[in-house]
Amino acid sequence: MQAQASGLQVSVHGHPNADTLLLWHPAAATDPDGVAALASRIATRSSVRVVVPVWTLHSAGRDLLRSVRYARESSVHPPDNLSVVGYDAAGIAALSLALNQRRLGIGLTRVTCVDGGPDTLDPISGQPLPAPSPAPVETAVDVVETDGDWARATVAAWQGAGWAATLVPRSQFTWRVNPSQ
């Protein structure tokens, strides 16, 4: 289903009464069919409602935050039961969102960073991801394994700050876009 939220295009997949997962994928603008297929697969297999905003790096800061508002306001569950999965720069944004959720007045159940890296800036703030501060919330943090040591070091830093952080082996992470035909 396609929806419009204050000028933000979103697609919603899955049952409206299911828990909400916000899927931040950079290919939503360039390969909407491939991302829609991924979102439908996630919704079906995980029994969640998947909200996919269409955004670009140029508009990421504004659009990613607006998508959080849309996902929270359109959910039938308590708005702080939101999970966020971000790919590439949006994965860094998901981690940053976890760090700043109290300041933003939101709550998150889980955030997942896929394909993040040490030189990737947070598209919301335009800054590098800061070191995690002590966890004032019960948000689970997943980082999918990448080449090099960045993911492992990131998980260790989050765990050291008291977060429930997990390194997800790349071979076990199956939420990938199959390019549409």
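Student: How does the lining of the largest pocket divide by class?
Tutor: In this predicted model, the lining of the largest pocket has 8 nonpolar, 7 polar and 3 charged residues.

Student: And how much space lies in there, in the largest pocket?
Tutor: The largest pocket holds about 240 Å³ of space, and of the 18 residues lining it, those closest to its centre are Leu 21, Arg 110, Thr 112, Asp 142 and Trp 175.

Student: Which elements give two or more residues to that lining?
Tutor: Four strands are listed as giving two or more residues to the lining of the largest pocket, namely strand 3 (20-24), strand 5 (82-87), strand 6 (108-114) and strand 7 (140-144).

Student: OK, next pocket. What lines the second largest one?
Tutor: The second largest pocket, with about 190 Å³ of space, is lined by Arg 62, Leu 65, Arg 66, Val 68, Arg 69, Arg 72, Glu 73, Leu 97, Leu 104 and Ile 106.

Student: Which helix gives the most to that lining?
Tutor: Helix 2 gives the most, with 7 residues, although helix 2 (60-73) and helix 3 each supply at least two residues of this lining.

Student: How many of those residues are charged?
Tutor: The lining of the second largest pocket divides into 5 nonpolar and 5 charged residues, with no polar ones.

Student: Switching to cavities, how many reach 30 Å³ or more?
Tutor: The count comes to 1 cavity of 30 Å³ or more, and the largest cavity has a volume of about 40 Å³.

Student: What lines the largest cavity?
Tutor: Its lining consists of Asp 19, Thr 20, Ala 71, Arg 72, Ser 75, His 77, Pro 78, Pro 79, Asn 81 and Leu 82, which divide into 4 nonpolar, 4 polar and 2 charged residues. Arg 72 appears in this lining, and Arg 72 is also listed for the second largest pocket.

Student: Back to helices: at what angle do the axes of helix 3 and helix 4 cross?
Tutor: The axes of helix 3 (residues 89-104) and helix 4 (residues 150-160) cross at roughly 5° and come within 14 Å. The two helices are therefore roughly parallel, given that angles under 35 degrees count as such.

Student: Which residues meet there, between helix 3 and helix 4?
Tutor: From helix 3, Ile 92, Leu 95, Ala 98 and Leu 99 meet Trp 150, Thr 154 and Trp 158 of helix 4. By class, the residues of this contact divide into 6 nonpolar and 1 polar, with no charged residue among them.

Key
Residues numbered from 1 in each chain as written. Predicted model: local features only at pLDDT ≥ 70, side-chain atom pairs only at ≥ 80, totals over all residues. Heavy atoms only, no water. Axes fitted to C-alpha atoms, helices over the stretch in contact; angles between N-to-C directions. Parallel < 35°, antiparallel > 145°, perpendicular 65-115°, else oblique. Contact = heavy atoms within 4.5 Å. Nonpolar A, V, L, I, M, F, W, Y, C, P; charged D, E, K, R; others polar. 1 Å grid on protein atoms, 1.4 Å probe; cavity = no way out; pocket = protein on both sides within 12 Å on 5 of 7 lines; lining within 4 Å. Points joined across faces, edges and corners; volume = space filled by probe spheres on them.
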